[in-house]
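Biologist: I would love a close look at one part of this model, explained for someone in their first year. Could you pick a good place to start and then lead me outwards from there?

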Amino acid sequence: MSRAEESGSLAKSVRLDRNAAGDDEGRLERIVFIGRTFDEYIRMFALEAQDIAGLRILDCPSGACSFTAAAHQLGSQVTSADIAYYHDAEKLYEKGLQDVVHAMEHVEAEKHRYIWSEFQFVEDLRAERLKALEACHEDMRLHPERYVPVTLPSLPFEDGLFDLTLSAHFLFTYADRLSEEFHRLTLRELLRVTRRELRIFPLVDQTGRSPVLVESLIALASAQGFAAEIKQVPYHFQKNANQVLILQKR
């Protein structure tokens, strides 16, 4: 699942099914290819850069994020997984440039939905999104093996392959479009491939409300042998989106 900005009309472009009707160009148009930077990830997920060195990490869905590129420089082994990666890297880059333009237009029109401490101006946000896209594109070009196409709720990885799994702006974010069953199947799959810890951010939907799904998925994770902690994070851009769910293997 590629990223829209935290809320708004771009989210309507999100597609779940790789086999949806239409040609490849049509499917690409329905993808929103936007991502966050490594620094945003560290704060969104309440991580310390030194703590992830040497870990095997899954970022899913990853979109146009630069986390994979930067974390590898710290000695981490990161795999990015996203439905977008069925498409050519150059086409994704061009699509990403277009999507940043559209996303900034939306944010400009919906400024009241955001907390303007992370970014003082829309131009600051634009620069950060372009920074993430450029780094992601360069890493995809040099290391395509790190970017695995997937169609959730299925993942092509063996059980317990990753020490840490990160999932941002997907579960809960699209609670109005993704059913509870889809959330449950996806969470089971993310837990299946996680050996130590899964972190999910944020815990609100596009309107800034916390879906009832949060409690039901915590219960599901508990039944799968994972202890839950909800932690305040130092990153706050979308209103009310300043908590991460940490699911740790008992």
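Modeller: Happily: we will begin with one helix, step to a strand beside it, and finish with charged pairs and cysteines.

First, a word on how to read the picture: this is a predicted model, in which local features need pLDDT of at least 70 and side-chain atom pairs count only at pLDDT 80 or more, while totals for chains, interfaces and linings use all residues. Residues are numbered from 1 along each chain as its sequence is written, and side-chain values use heavy atoms, with hydrogens and water left out.

Our helix is H7, which spans residues 213–223. Helices (H or I, at least four residues) and strands (E, at least two) are DSSP runs, numbered from the N terminus. The buried residues of H7 are Leu213, Val214, Leu217, Ile218, Leu220 and Ala221. They share one side of H7 because they cover an arc of only 160 degrees around the axis; that arc is taken from the directions from the helix axis to the C-beta atoms. Turn to the other side of H7 and you meet Glu215 and Ala223, which are exposed. Here buried means under 20% relative accessible area, exposed means over 50%, and partly exposed lies in between (1.4 Å probe, protein chains only).

What do the buried residues of H7 pack against? Their partners are helix H6 (180–192), strand E6 (226–232) and strand E7 (243–249). After H7 comes Gly225, with a positive phi, near 90 degrees.

Now step into strand E6, where you will find Ala228. With a relative accessible area of 43%, Ala228 is partly exposed. Setting aside its neighbours within four places in sequence, Ala228 is in contact (heavy atoms within 4.5 Å) with Ile218, Leu245, Ile246 and Leu247. One of these, Ile218, is a buried residue of H7. By contrast, Cys60 lies 168 residues from Ala228 in sequence and 19 Å away in space, C-alpha to C-alpha.

Next, the charged pairs. Side chains of opposite charge can pair when their charged atoms come close. A search of the whole structure turns up 13 salt bridges, each a side-chain nitrogen of Lys or Arg within 4 Å of a carboxyl oxygen of Asp or Glu. One of them joins Glu110 to Arg113, with the closest N and O atoms 3.1 Å apart. Glu110 is partly exposed at 22% relative accessibility, and Arg113 is partly exposed at 30%. Another links Asp139 and Arg146 at 2.8 Å between the closest N and O atoms, and both Asp139 and Arg146 are buried. Glu197 and Arg199 also meet in a salt bridge, at 2.6 Å from N to O. Glu197 is buried at 12% relative accessibility, as is Arg199 at 10%. Elsewhere, Asp159, Glu189 and Arg192 are joined into one network by salt bridges that share partners.

Finally, the cysteines. How many disulfides does the structure hold? It holds zero, a disulfide being a pair of cysteine sulfur atoms within 2.5 Å. For Cys60, the closest cysteine sulfur is in Cys65, 11 Å away and so too far for a bond. The sulfur of Cys136 is 7.3 Å from its closest cysteine sulfur, in Cys65, which is also too far for a bond. Cys60 is buried at 0% relative accessibility, and Cys136 is buried with a relative accessible area of 0%.
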